[in-house]
Each structure stands twice: as structure tokens, then as C-alpha cells.
Amino acid sequence: MASPGPLYLDHAATSPVRPEVLAAMAPYLGGTFGNPSSHHTVGEAAASALADARARVAHVLGMRAGDVVFTGGGTEANNLAVKGIVLAALERGHRHLITTPIEHESILESADHLRRFHDVRTTLLPVDEHGRLDPEALRDALRPDTALVSFGHANNEVGTVQDAPALTAVAREAGVPVHVDAVQSAGWLPLAGLGADALSIAGHKLGAPKGIGALAVRGRIPVEPLLHGGGQERGRRSGTENVAGAVGLAVALELAEAEREEAAARVSAQRRHLIAAVLAAVPSARLTGDPSHRLPGTASFTFAGTSGEAVLLELERRGVISSSGSACAAGSDDPSPVLLALGIEPQVAQTSVRFTLSHAGLPGDGPERLAALVAAAVSAVGA
């Protein structure tokens, strides 16, 4: 695993900007810098680029161009979906939200905000020991006043992938809209055909810059905007649009989609090899997440009897950059709520380590070499 620098295996947290994306963005940071709301040639050039980016993103997501709302990232997209759709439903007396305990903080904190300030009740659907949802449990949880079902297509910590078409079909039978957080699955799994009424993505997971994302929400779904002002984005998100970011997101999403099938098959094989090698090399290792229904590039473990942070430091000393789970919970000493929801004991949950690969995967003898480094790191901290 020779490398000119550290081996970066934290792509679920963020990825480097692709050169093609930088090149596509450059004109809109310089010469074509106009405000797309301005009615002159400079503004119209920016508006044309924005419209083109919107159409390209919509095509990959299986939505219409007018459905795409550009946001400041995945967190804003999730907030707009959960708060915006539920707030719009309040006037119909719908005050019930269904989600799960393993969602990203942007969904769970949005649900808590709705509870505290708008008397919205939330049902947290349980998951099994692998993090999977049961469509029949969703059916039982639906109520006449349910405003929205929101769940992640793939979990950001353990990589478990949900059966989104089965879940959305259950909600559709009841006439309840569904929001799918596809921030982690974009670029790895097909997104068109999930049956979602709203879909969130984030550019920096795909090779676009941080600070750009999108929520695609079907036009028939009422959404209360969170940002008020000039009425941009068809009134759903006011503020001067990030034209360069939107162009970058479109290019990154298209590139990832073009590579997706080949990369997913190749990286999945490496990930399976890596999991087997780690489990064989480290007696205390336990795989977290679903063994088969998981993202191609995610391998996540606990190492009972260690400190996850200590293992991460030892790995970094050996040239491997990885994480203990969600980057959005960095600095917290509490065990991961995701792992607790899977039934993992708190003290074991605090030993979690996550490796997340890019489309490039691992070099050469990567799985065996990485497993050996993991074993050495775990041994060094006393497991």
C-alpha cells in the first residue's frame, strides 16, 4: 500500500474536489460571474448555466428540472425537506412525522425542532441489529395525520442500505409523502426509481465543493420555505444562487453516475475482501451494519476492549486516515446513537472504526495490507 501520502479512507465525511469539477466551475467564478436574477446579459448567462445545471441534476435523480432546489449542502436539504414539508402540512392538521433513530443529525434535530415549536409528534421506527427497516413496521406506524416519512437510503456510519422502493410503496398506499436522504448513496446506488417524493444530496460527498447540495422535491408536494427573501428557487429557497457550485454539483453527479456501476462492483469486491481480512486478523473485531445490504465502499467495525479513538490515532500514525463514524458528531465522547439503535452495548459502541472508500478503491494488495495495519493498531492499544 505504498503511497506518497496518507491513505485517506474517510470519503463518507468528505471527498476531494475533482479536477473536472474545478474546471467546469472556473468560468462562473470569473468571467461569467453574474447574478442569475439580473435582467442583463451577464445575469442571463449565469441564469442559463444555472438552468442547465438544474436539468442535469434532475436527470440523474429521475426528477423534473423544476423539482430541484439548490441548497447550501445536505444538512440544509434535509432541513428543508423535513421542516418544509411538515410545516406546510400543519394547516391540514397533519402533525405526525415518521423517521428512524439512525438518521443523520440534520433529520433528527429537525424533528426535535418541530416537536418543540410546532407540537409535531415523531415516531422513530426501530431497526434490526443490522440497521434495516421493516416495511410492515412502517405500515403499522402510519396514521391519518402523518405528514411525512423520512429515512436515509444508506446510513452514514455503518453503510446499511434500506429497501427504499418497498418503504416508499407502503407510504404511497397511504398517500403520505416520503423524503429519502441520499447524501451517502448518491454516486454508489441508482437514485431514479426509488419512489421518493423528495431526495437530498450533497456535493462534497461526490467530488464537488463543500457548501452546495440539492433537494429534489416533486412539484405537487407543498413546501414551506425556511429562507425568505427574493423568492429564488421557485419560492422554495430565497437567496442569490451559488451558480458555480450548482455547475460543480451537476458535473460531479454526472461523473459519479457514469462510473457508478463499474466502480460499485469493483469496490464492493474489495470491501468484502477487507471485511473478511479484518475479521480474520483481529479476534475482537465485529462488523457493524448489514453484511450484504451495504454501501460498496463502507466497512465498519467495533473492536471490543479498545478505545476507538486510540485505534484511529494508531492507524493515522501508520498512514491510514479513517474515522469513528459521523463527522457531524466529531468531538463527542458519547457512544453513537446509530450503534446503540442496533443493540450494541455502549462501551463497545465507543470502539467503532469506519473505513469509507472512493470510486478508486484500494491499491494493489490493499485489503490484506490494511487488515494488517488494523491488527497492529488494535494490538498497540491493548485489545
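Valine 149 touches a broad set of residues beyond its sequence neighbours within four places: Ile98, Leu138, Leu142, Ala171, Val176, Pro177, Val178 and His179. The model described here is predicted. Val149 is also among the residues with the most contacts inside the largest nonpolar core. That core has 59 residues. Val57, Leu61, Phe70, Leu199 and Ile201 share this standing with Val149. Helix 7, residues 243–281, is the element that gives the most to the core. Its share is 10 residues. A second core is separate and holds 33 residues. Among them are Leu274, Val320, Val353 and Leu357.

Helix 3 covers residues 74–89. Of its 16 residues, 14 are buried, so by the cut-off of under 20% relative accessible area the helix is mostly covered. The length of helix 3 was also compared with expectation. At 1.5 Å a residue, its 16 residues should span 22 Å. The C-alpha atoms at its two ends lie 22 Å apart, in agreement with that value.

Charged side chains were examined next. Side chains of opposite charge can pair when their charged atoms come close. The structure holds 19 salt bridges. Aspartate 112 takes part in two of the pairings described here. One joins aspartate 112 to arginine 115, with N and O 2.7 Å apart. The other joins aspartate 112 to arginine 116, where the closest N and O atoms are 2.9 Å apart.

Helix 4, residues 105–118, accounts for the spacing of the first pair. Aspartate 112 and arginine 115 are three residues apart in this helix, so about one helical turn separates them. Aspartate 112 and arginine 116 are four residues apart in helix 4, and here too the separation is about one helical turn. Aspartate 112 is partly exposed, at a relative accessible area of 24%. Arginine 115 is partly exposed as well, at 42%. For arginine 116 the value is 47%, again partly exposed.

Another salt bridge links arginine 121 and aspartate 119. The closest N and O atoms of arginine 121 and aspartate 119 are 2.6 Å apart. Arginine 121 counts as partly exposed at 44% relative accessibility. Aspartate 119 falls in the partly exposed class at 41%. Elsewhere, salt bridges form a network that links Arg18, Glu20 and Glu259.

Internal space was considered last. The structure holds two cavities of 30 Å³ or more. The largest cavity contains about 50 Å³ of space. Its lining comprises Glu157, Val158, Thr288, Ser300, Phe301, Ser324, Gly325, Leu339, Ser352, Val353 and Arg354. Strand 10 (298–303) and strand 12 (352–356) each supply at least two of these lining residues. Strand 12 gives the most, with three residues. Val353 thus appears in two settings: Val353 lines the largest cavity, and Val353 belongs to the second nonpolar core.

Conventions: Residues are numbered from 1 along each chain as its sequence is written. This is a predicted model: local features need pLDDT of at least 70, side-chain atom pairs count only at pLDDT 80 or more; totals for chains, interfaces and linings use all residues. Side-chain values use heavy atoms; hydrogens and water are left out. A salt bridge is a side-chain nitrogen of Lys or Arg within 4 Å of a carboxyl oxygen of Asp or Glu. Buried means under 20% relative accessible area, exposed over 50%, partly exposed in between (1.4 Å probe, protein chains only). A nonpolar core is a set of buried Ala, Val, Leu, Ile, Met, Phe, Trp, Tyr and Cys residues joined through side-chain atoms within 4.5 Å. Contact means heavy atoms within 4.5 Å. The expected span of a helix is 1.5 Å times one less than its number of residues. On a 1 Å grid over the protein atoms alone, a cavity is a set of points where a 1.4 Å probe fits but cannot get out, and a pocket is an open set with protein on both sides within 12 Å along at least five of seven lines; lining residues have an atom within 4 Å of a point. Grid points are joined across faces, edges and corners, and a volume is the space filled by probe spheres set on the points.
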